[in-house]
Amino acid sequence: MRKRSVTVRVARWSALHPWRAIIGWLVFVVLCLGGGIAAGMNSATSQDFRVGEAGRAEALAVEGGVQLRSTEQVLIRAASGPLDETAADAAVKDVTARMKALPEVASVAEPVRSADGRVLRVQVELNGSEQEDQENVPPLRAQTEEAAKAHPDLVIEETGDASVSAGVDGQRNDDLKFSEAITLPITLITLAVVFGSVVMVGVPLLLAVTSIMATMGLAMVASHLLPDTGVGMSMILLIGMAVGVDYTLFYLKREREERARAGGRLTSEALVEAAAATAGRAIVVSGLAVIVSTTALYLAGDVIFDSLATGTILVVAVAVLSSVTVLPALLVKLGRRTERRAQRRAAKLRDQGKPVRTYEEKKPGKVWRALLTPARKHPALTLGLSVLVMLGLALPALNMTLKNPARDSFSREIPAMKEYDRLLDAFPEQRVRHLVVVRAEASRAGEVTAALRELAREAQADPLFSKRSGAPLIRTSDDRGTTTLELNTPHPTYSEEAEDSLEHLRADYLPATVDTLPGVETAVTGEVARGVDYVAHQNDKLPIVLGFLLLMTFLMTLYAFRSAVLALLGVGLNLLSAASALGLLVLVFQGRWAEDLLSFVSLGGISSRVPLFLFVILFGLSTDYQVFVVSRIREAALNGVPTRQAVLDGIASSAKIVTSAAIVMVTVFASFVMLHILEMKQMGFVLAAAVLLDAFVIRVMILPAALLLLGRLTWWPSGAVRRAQERSAGRFEGPGGGFEGPGGGFAAEGAGEGLDDWFERRSKEGSLPHSG
């Protein structure tokens, strides 16, 4: 008697004890969610985001207590016409008194008048760091609203770092709700088309939603090891809905095929176990491939990628767990219902003297047969043209420029951003701050201050910097060991001018002034410095991450199919689809022609996190598709079907389900294009494009053409397929050129057996009870 795999044994237990499995799963979900709520979310702090020179500068400044702090700007202007001086002075005094009374406020500066004299600005500095003041801003905005009510003849409004951050978070939450509202109906429609049953539609959604709920709880617990940055939950929703539905679809499809083959000869329990021997294993291996690929994100050395990786790994693991544990139980309960209905229908037909038809699984339609015709008839030409098209789409990626999105790219639907624009109209110098940090012996504080004043004079003579009236803003720590200088520039954070100003500061002005003093340590931080250093950090890590990703993809495919040729082909196809999707991303988002169409403001580049995120997630998802498609091909080949026919039958039989899964994924990803946050737009667009290309070009044109050209070489160095085909030569002859036995699949039980042999063996083992 052959030893059954863990996947099959778990599915068998679940099928034989369905209520225990269902209740156990619900208890697991409740425990995960309850444990997460009890543990709470541990959010990342400002120090978790530090990289490069900017991170070093922030650490020095924080140590001395002279770091950049969040500032809120209260703007006072007339509703129309010139500003009334008396009314404006009264409003300034009122605002200042209100702000100073708040414990969240560190200081309130003297009012500053705009160049045209129409606007007064009162700067309010908050306690804490820039990343930690969102919870402090509501009391300030409340006092600003009260001041506006007290002075109805004036317009009094507030904007600033914390206000914008709070607005972005609120908009992100609204966007996710909007995405859910779009995704769920389209997913329902897609599933209804695939299965034609309302009950069967509910199963994938139920498992996806419960998997997401359980993962959210686990993510809260995991945040105490790897702090959450706010993007982890978005990734759980994004990936969880996609893979949760996909895995269930593949399992359901296989169970239906086994039911059609059995023709009423097996019970639902036996059919579920038969499906577990193939689809169940494919789900486990494909899930493992996604998990292994995603671990590459940890090598990026970035807290945001840590959050993305943790959310993705957890939700995929939970989705796999649900598919191999509770799904068999649900299928048994539904299968018994189907059997009872079939028996009643059969009895009624027999009473009427009519023939009884057994359940039949629909064969691949004419559309998919037609789509495969080019690869079947002209594989070399199809392969060549398809690859050329994909390479053509990839060409724009050669001109890709990476940018770090900052405040200037946020949606103007956020009230604080509208106020921010009005602030910049009146005070353009408030757009960007550079912070020069100097650490030296306390006895040298006077020299350091003098050198920083000289630096400020030189910088303010440079058109790249803002000209500040009065003395430069210099601060010295209480121990006199750390001194800082703030410099402003009126250019957008991601602009070349802003980056040039940073380069001049680091490469020219600092070496010529402060760095001439012996024994000093200097560094520059600020919005621009963080972005520039972050992009440099990502570029340094990219080769390591991609190298690990390529190696893991190769090894996972080699493990799944025992074929070095398939492993190399998988790596090549993944690179091709990723490069093509990046080319489309650059074409759409790096220029300005699509701004109105997709409601965004171009950075003149691509968010620095998107390419790395695309490669990792797409490699996982593409390997996921490849496992399901190629496993069907290998399954047929292991049952003696010639490789050519196995390729055509395997791809045709999996086409509908792979396409349906792709539609669900594209729907989920494309819904993110309608969100307001530019980085999320880009991520959603590039993943949707990549999945479309992968499903309709790679899997329909390139993969079958390549496999047909390779023939038996596809399986090298494994000889399992060759031996199976030699043993089965002439054994199966029927429509379609071969028969797929249910015991096939990669490393599956019963490879090379026919249906009757498989039934007979498993019946002798006592594991497949016959129906009726």
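Student: What links Tyr247, Phe250 and Phe628 into a cluster?

Tutor: Ring pairs link these three residues, where rings of Phe, Tyr and Trp (its six-membered ring) count as a pair if their centres lie within 6.5 Å, and the planes make the pair stacked under 30 degrees, edge-to-face over 60 and tilted for the rest. The model is a predicted one, in which local features need pLDDT of at least 70 and side-chain atom pairs count only at pLDDT 80 or more, while totals for chains, interfaces and linings use all residues. Residues are numbered from 1 along each chain as its sequence is written, and side-chain values use heavy atoms, with hydrogens and water left out.

Student: How many aromatic pairs does a search of the whole structure find, and what makes the pair of Phe465 and Tyr509 the kind that it is?

Tutor: The search finds seven aromatic pairs. In the pair of Phe465 and Tyr509, the centres are 6.2 Å apart and the planes stand at 65 degrees; because the limits are within 6.5 Å for the centres and over 60 degrees for the planes, the pair is called edge-to-face. The two rings come from distant parts of the chain, 44 residues apart, with Phe465 in the loop between helix H16 (445–460) and strand S8 (473–476) and Tyr509 in helix H17, where helices (H or I, at least four residues) and strands (E, at least two) are DSSP runs numbered from the N terminus.

Student: How do you know whether Phe465 is buried or exposed, and what of Tyr509?

Tutor: The relative accessibility of Phe465 is 3% and that of Tyr509 is 14%. Buried means under 20% relative accessible area, exposed over 50% and partly exposed in between (1.4 Å probe, protein chains only), so Phe465 counts as buried and Tyr509 counts as buried too.

Student: Why is the pair of Phe615 and Phe619 called tilted?

Tutor: Their ring centres are 6.3 Å apart and their planes meet at 50 degrees, an angle that is neither under 30 nor over 60, so the pair is tilted. Phe615 and Phe619 both lie in helix H21 (residues 610–638), four residues apart, about one turn of the helix, and both of these residues are buried.

Student: What makes Arg506 and Glu53 a salt bridge, and which parts does the pair tie together?

Tutor: The side chains of Arg506 and Glu53 meet at 3.3 Å, N to O, and the pair therefore satisfies the definition, which asks for a side-chain nitrogen of Lys or Arg within 4 Å of a carboxyl oxygen of Asp or Glu. Arg506 lies in helix H17 and Glu53 in helix H3 (residues 52–64), so the pair ties together parts that are 453 residues apart in sequence. Glu53 has a relative accessible area of 24%, which is why it is called partly exposed.

Student: Where do Arg457 and Glu454 lie, and how do you know that they form a salt bridge?

Tutor: Both lie in helix H16, three residues apart, about one turn of the helix, and their side chains meet at 2.5 Å, N to O, which is within the limit for a salt bridge. Glu454, at 30% relative accessibility, counts as partly exposed.

Student: How many salt bridges does the search of the whole structure find, and are Asp694 and Arg699 buried or exposed?

Tutor: It finds 25 salt bridges. Among them is that of Asp694 with Arg699, whose closest N and O atoms are 3.0 Å apart, and both of these residues are buried. Salt bridges also link Arg56, Glu63, Arg439 and Glu521 in a network.

Student: Why is Leu31 called exposed, and which patch does it help to make?

Tutor: Leu31 has a relative accessibility of 60%, so it counts as exposed, and it is found in helix H2 (residues 18–39). Together with Trp19, Ile23 and Val27, Leu31 makes a nonpolar surface patch of about 440 Å²; patches take residues with over 30% relative accessible area and no salt bridge, joining like charges within 9 Å and nonpolar side chains (Val, Leu, Ile, Met, Phe, Trp, Tyr) within 5 Å.

Student: What is the phi of Arg480, and why is Arg480 called partly exposed?

Tutor: Arg480 has a positive phi of about 65 degrees although it is not a glycine, and it lies in the loop between S8 and strand S9 (482–489). Its relative accessibility is 44%, so Arg480 counts as partly exposed.

Conventions:
Areas by Shrake-Rupley, 256 points an atom, 1.4 Å probe, with all protein chains shown as cover.
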